[in-house]
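Take a moment to turn the model around on your screen before reading on. We'll go from the outside of the chain to its fold, and then to a pocket and a few single residues.

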Amino acid sequence: MPILAAAQVQQILTWLAVTAALLYWARSWQRSRTPGLLAMVKALAALDLALVLGTDYGPHDWLFGIPTLPNYIVHVLTLGAAYFLQLFVLYLAHPADTVPQKIRSRRRILVVAQLALGLLYLLGPLRGSLPGITASEGDHAFVVAYLAVFELYLGLAMFDVVWVGRHAKDLPRGYLRTGLRLLRWGGICGLAFVVHKALYSLAVSFGLNPPWAELGNTGVSRALTTAGILLLMAGVTVPAIGPRNQLRRNHRDLEPLWQDLITYAPEAKFDAKPTRRADITDRIRQRLTEINDVLVGPLQPYLDPAVYQAALASAEQDAGHGEIPPSAVAQAVTIATALNSKNPASSDRPLPFPSADTADYREESAWVAHVANAYARLTRTASNTEEPQRRVIRPA
């Protein structure tokens, strides 16, 4: 009973992980309808349905009175999920314009594998009225061929995943590197599942009975598939969720700088305020736009290049700002000085900051967050004024 309960918990956790990943990627695809995201949604949908149909519901003939039909549908869905996972990995590792040519060969292999699987199912498991399509039925020639087709294709897909994961060591530390490593280990578990299943079927076909179970609540196949699925789900989710969490942190870090700039020029604030349910990308883009509108608009005449150059020289000699770049510290000092200045700068040369020199809003938000963090350190709330939220430069 404890083993059965543990197996049920394992099944539920695996299904919940896949379903959560499916909902997340489906929402991501609605925001950005790219081929790579669509491939991942299809892979997760097929895998999710396969997990539902592969659950032990008690009677073996619960689906139209055919014991092997759930097994066959699960295998068809698994091959489909593996194919779409291959597509996702190809889009992850190669330029998008080169992927269609690579897809064609894999699509042909999938069609051949699905046709062979269907034909062998009709000739073997269905015709022979077998209780299940497992390696334990290895004395049936068509079952051996059926499982061989399934294992070969699944092995090819897992090899694709492992092959791409080898590039993880060449990447800088970050979410993508972690995700590729998790994908690689998930692919290794998938390859181990394929090798074990093939060797188990071969042993049974020669009349050998391995002392361990292949399927069931304590079977090796269940342990390998569960580990592989969880690692693959983590591998495809970490590179997506990690940057979004970073955007949320950047959005919070922008608060002190944004608040003071909007207090200085309230007309720069958008009338339509984003709700908490709005996507983080929309919220941070709006905040960046409002910050830049103040800097290039009403505050621009007060941004003094001389202050920036002096602050930059001082910041380059001072190591007390930690991970904040000296140029970000200099920009923060220049902005704080401009907010408290009553006279425009004498120079007519504009200062195009704090935005980084990039068109990527993620990189821009990371840079402006550096400036905002430096600004928060360099300023303090004036408690004895009529504007308690307004900051002034520290005396030092």
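The accessible surface of this chain adds up to about 21,000 Å², and carbon and sulfur atoms account for 61% of that. As for what is tucked away, 43% of the 396 residues count as buried.

Keep in mind that you're looking at a predicted model. How confident is the predictor in the chain? The average pLDDT is 78, and 78% of the residues score at least 70. Helix H2, covering residues 35-53, has the highest confidence, at 89, while strand E2, at residues 391-393, has the lowest, with a mean of 47. Across residues 381-396 the pLDDT drops below 50, although this stretch does have 33 contacts in the model beyond near neighbours in sequence. A word of caution fits here: where pLDDT is low, the predicted coordinates shouldn't be read in detail.

Now for the fold. You'll find 12 helices and 2 strands in the chain. Starting from the N terminus, the elements run α-α-α-α-α-α-α-α-α-α-α-α-β-β, so follow the helices before you look for the strands. The chain also brings together residues from well-separated parts of the sequence: if you take the contacts between residues at least 6 apart, 70% of them join residues at least 24 apart.

Next, the empty space. Rolling a probe the size of a water molecule over the atoms shows where such space is left. The second largest pocket has a volume of about 650 Å³. It is lined by 22 residues, and Trp25, Leu37, Pro239, Ala240 and Arg362 are the closest to its centre. Which helices each supply at least two residues of that lining? They are H1 (2-31), H3 (69-93), H6 (175-205), H7 (220-253) and H12 (361-378). Helix H7 gives the largest share, with 7 residues. By type, the lining of this pocket splits into 13 nonpolar, 5 polar and 4 charged residues.

Let's stay with helix H7 and pick out two of its residues. Ser221 is found in this helix. Is Ser221 buried or exposed? Its relative accessibility is 2%, so Ser221 counts as buried. Ser221 and His196 sit 25 residues apart in sequence, and their C-alpha atoms are 7.8 Å apart in space.

Asn250 lies in helix H7 too. Asn250 is buried because its relative accessible area is 4%, under the 20% cut-off. What does Asn250 touch, leaving aside residues up to four places away in sequence? The answer is Ile284, Ser365, Ala366 and Ala369. Asn250 and Ile284 are 34 residues apart along the chain, with 8.1 Å between their C-alpha atoms.

One last stop is Tyr146, in helix H5, which spans residues 141-165. Its relative accessible area is 0%, so Tyr146 is buried as well. Not counting residues up to four places away in sequence, Tyr146 touches Asn71, Tyr72, His75, Leu117, Leu120, Tyr121 and Ile133. You can also look from Tyr146 across to Ala113: the two are 33 residues apart along the chain, and 9.7 Å separates their C-alpha atoms.

Definitions and conventions. Residues numbered from 1 in each chain as written. Predicted model: local features only at pLDDT ≥ 70, side-chain atom pairs only at ≥ 80, totals over all residues. Heavy atoms only, no water. 1 Å grid on protein atoms, 1.4 Å probe; cavity = no way out; pocket = protein on both sides within 12 Å on 5 of 7 lines; lining within 4 Å. Points joined across faces, edges and corners; volume = space filled by probe spheres on them. Helix = DSSP H or I, 4+ residues; strand = E, 2+ residues; numbered from the N terminus. Nonpolar A, V, L, I, M, F, W, Y, C, P; charged D, E, K, R; others polar. pLDDT = per-residue confidence, 0-100. Contact = heavy atoms within 4.5 Å. Buried < 20%, exposed > 50% of the residue type's maximum accessible area, 1.4 Å probe, protein only. Areas by Shrake-Rupley, 256 points an atom, 1.4 Å probe, with all protein chains shown as cover.
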